[in-house]
Amino acid sequence: MEEYLRMDRIPHIWCPGCGIGTVVTSFVEALKKNKEDLDKVALVSGIGCTGRVAGYVKLDSFHTTHGRAIPFATGLKLANPDMKVVVFSGDGDIFGIGGNHFIHAARRNMDITVICVNNFNYAMTGGQVAATTPMMANASTAPYGNFEYSFSLPYLAEACGATYVARWTALHMRRVTKSIQEALKHRGLSLIEVITPCVTLYARRNRLGDGLNLMKYYYDQSVIEHGADTRTLDISYQGKLVCGKFVHKEKPTFLDAMNTHMTNVLGDDYELYGRINNDND
Amino acid sequence: MKKTKADPKGVLTGAHYMDGDHALCEGALAGGCRFFAGYPITPSTETAERFSSRIPHVGGVFIQMEDELASIAALIGASWGGKKPMTVTSGPGFSLMMENLGLAAMMETPLVIANVQRGGPSTGLPTLTGQQDMMQAKYGSHGDYEIIALSPDSPQECFDLTIEALNLAETYRVPVLIMTDECVGHMHEKVIIPPAEEIEIVERKWYTGPKDEYLPYKNDTDGIPFMVKAGDGYRFHTTGLTHDERGYPVINAECQKVNVTHIIEKIRGNVDKIIKIEEDQTDNAEVVVVSYGITSRVAVRAVQKARQAGIKTGTLRLITAWPFPEKRIRALSKKIKAFIVPEINYGQMVKEVERNSIDRCKVYNVPHLGGWVHDPDDIYKAIKEASK
């Protein structure tokens, strides 16, 4: 792992039983299996437990502000189009405070990979209710149970224009790895949602047991339905977890569309921007 | 500091008739900016529009983001991707940018933001002028830090100072603000764009040593750390958290002291190199008018009238608003009767003038709350009163 992680920053800050490390392991596996040039992969995180991932991976890695990882990554990608840019952050960061940025990055089919660790609550600050907290679940700011509807992330992503969408749980390590491998190769905006246990806060407050109990829940209640209609992917409290790859399609990325359109309109007056030289491929 | 000449592709050499907003764009392109991310907002939109039409011809990216939070975040990302980035906005958008202005200061990221000021607070006067964001420019984001802010008084200076802003941003690894206003932004005047070979460009302070020895926040002898860009194999880390030389978070008082002192002192320690002011007849003046931006143009009339009336009146124009020229104000305060500070706000930069001339001379503020420029007579009356 030394090649992939900043060993001088280990031990990490995550709690025993937390699922974020598992997703990081899958991410590293994907880099290995894809034989990615590590000098050409950048990782951008926002704020929160998952936001700390940027601090542990041995890549060009940016720990930014709360919710702004995606626009930061957008600037980084557009400035340096031959890099693969990964946003690795939590549900609160990407879909709560940063929701608008996800919506627009997906609309533009910005060529970035978004890995969203969904632990159903704001964990870094003590387990507050989130846009992903299932109805009826308890949270520190929903002490009588959550009565708000929650986001279905794959449904939202597809509706906004994401061209690769998958959902897994922390139990599905190999499948997470495979999805990340595909997403890194995919040109366009990809979202991989990984549902993970937050043992210290979400599980304890809801008396769901420890990490093993949550893995048992994922084992019992997850079903794999590749290509499932994303309108059917709502998550209810301790209910069924539909997993799989739901969307995988080709569509010009922001830069492809910009280059094609401007060349059509302006012809020789347009200076092609950042076209990757594939001659050696 | 490595200097080169401007890339001729971005330089529209010649004499033009254009407004300040357009000149901001031309200054940016001449100064080497090839990345613009922004959000439409009156009275700055013309700059974004011009970028969108010009950038396809010079090789670069224009992207209209979903809001100003995203615009500045994209700028920071683009800067670490190796670009010289710029955005433009006005009050409400400037407020949204405060979040990541702090990140840019903390990550020591070169970028330029132009604020074409309008009357505030809140939505205020979208189409009418103001100079009410001057303190926000300095103190708007939370925590202690330093930025640089310039204040052009004409379309020509919008052009010149945007190049200067891009150069300062690279020299000091700091966000640089161009605090102009609606009047200058929409004022059409002659703008001379020189040939590319006459435009000096400061290159980023690239690190070239061994890859495994690179530390993103280790001070060089001049107090400014070297920079690298993503994709060059350094595999560095940077964060908005308090950090050490490696860019790794260290959450304690000792590291905080070193980190915050550094981002402040790299500017304060270089104020003599950074600050530009323009003075006229201050040598034997009794009264000195301190102004900036459009207000310095309006003050000219009042100063002429005062001189005709026999009042020894000098002028001091802030080309650099931040860092503030404390030393010069202090020196003048020992010699003169009074400073007159007209500005289109309820009294902002005047506080700096007062702070630096305590009990040595009088300070008169001539406020105007925005929506229009001063009546020169109001400034003249203050000069006359002060000269008594």
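In chain B, strands S6(B) and S7(B) form a hairpin with five residues between them, and within that turn Ser122(B) has a positive phi of about 55 degrees. Ser122(B) lies in the loop that connects S6 and S7 of chain B, and its phi is a positive value in a residue other than glycine. The two arms of the hairpin, strand S6 (residues 111–119) of chain B and S7(B), are paired in the antiparallel sense over two bridges, and one can follow the pairing at Arg118(B), whose bridge partner in S7(B) is Thr129(B).

The model in which these features are seen is a predicted one, and it scores ipTM 0.97 and pTM 0.98. For chain B the average pLDDT is 97, with 100% of the residues scoring at least 70. As a general caution, where pLDDT is low, the predicted coordinates should not be read in detail.

From the hairpin the path leads to the division of chain B into domains, for which the domain assignment gives domain 1 (3–202) and domain 2 (278–387). The centres of domain 1 of chain B and domain 2 of chain B, taken over C-alpha atoms, are separated by 27 Å, and the contact between them takes 23 residues from domain 1 of chain B and 22 residues from domain 2 of chain B. On the side of domain 1 of chain B that touches domain 2 of chain B, the elements giving two or more residues are strand S7 (125–129), helix H5 (134–139), strand S8 (148–150), strand S9 (175–181) and helix H7 (182–186) of chain B, so that strand S7 of the hairpin reappears here as part of the domain contact. H5(B) gives the most to this side of domain 1 of chain B, with four residues, and the residues of this side divide into twelve nonpolar, seven polar and four charged.

Two helices of chain B also deserve a look. In general, two packed helices are described by the angle between their axes and the distance between the axes. The axes of helix H1 (residues 20–30) of chain B and helix H6 (residues 155–172) of chain B come within 7 Å and cross at roughly 35 degrees, and the crossing of H1(B) and H6(B) is right-handed. Among the residues that meet are Ala23(B), Leu24(B) and Ala28(B) on the H1(B) side, with Phe159(B), Ile163(B) and Leu166(B) on the H6(B) side. The residues of the contact of H1(B) with H6(B) divide into nine nonpolar, three polar and two charged.

The next step is to the place where the chains come together, in an open sheet of nine strands that has mixed pairing and the order S7(A)-S8(A)-S5(A)-S6(A)-S4(A)-S3(A)-S1(A)-S2(A)-S12(B). Its edge strands are strand S7 (222–224) of chain A and strand S12 (237–239) of chain B, each of which pairs on one side only. Neighbouring strands of this sheet are turned by 15 degrees against each other on average, direction ignored. Within chain A, strand S1 (residues 41–45) and strand S3 (residues 84–90) run parallel and are joined by four bridges, with Lys84(A) in S3(A) as the bridge partner of Val41(A). Helix H1 (residues 20–34) of chain A packs on the sheet, where it touches S1, strand S4 (112–118) and strand S6 (190–195) of chain A, and its direction makes about 155 degrees with that of S4(A). At the other end of the order, strand S2 (residues 60–63) of chain A and S12(B) pair in the parallel sense over three bridges, and Phe62(A) has Thr238(B) as its bridge partner in S12(B).

The contact between the chains takes 39 residues from chain B and 37 residues from chain A. Several elements each supply at least two residues of the side of chain B that touches chain A, including strand S3 (35–38), helix H2 (45–58), helix H3 (68–80) and S12 of chain B. H3(B) gives the most to this side of chain B, with nine residues, and the residues of the side divide into 21 nonpolar, 13 polar and five charged.

Finally, each chain offers a cis peptide bond to inspect. In chain A a cis peptide bond joins Ile10(A) and Pro11(A), with omega of about 10 degrees, and Pro11(A) has its place in the segment before H1 of chain A. In chain B the peptide bond from Trp322(B) to Pro323(B) is cis, with omega near -5 degrees, and Pro323(B) is found in the loop between strand S16 (320–322) and helix H11 (326–333) of chain B.

Conventions
Residues are numbered from 1 along each chain as its sequence is written. Chains are lettered from A and ligands numbered from 1 in the order in which they are written. This is a predicted model: local features need pLDDT of at least 70, side-chain atom pairs count only at pLDDT 80 or more; totals for chains, interfaces and linings use all residues. Axes are lines fitted to C-alpha atoms, for helices over the stretch in contact, and angles run from 0 to 180 degrees between N-to-C directions. A crossing is left-handed if the near helix is turned anticlockwise from the far one by less than a right angle, and right-handed if clockwise. Two residues are in contact if their C-beta atoms, placed from the backbone, lie within 7 Å. Ala, Val, Leu, Ile, Met, Phe, Trp, Tyr, Cys and Pro count as nonpolar, Asp, Glu, Lys and Arg as charged, and the others, Gly among them, as polar. Domain bounds come from an automatic or database domain assignment. Two strands pair if DSSP finds at least two bridges between them. pLDDT is the predictor's confidence in each residue, from 0 to 100.
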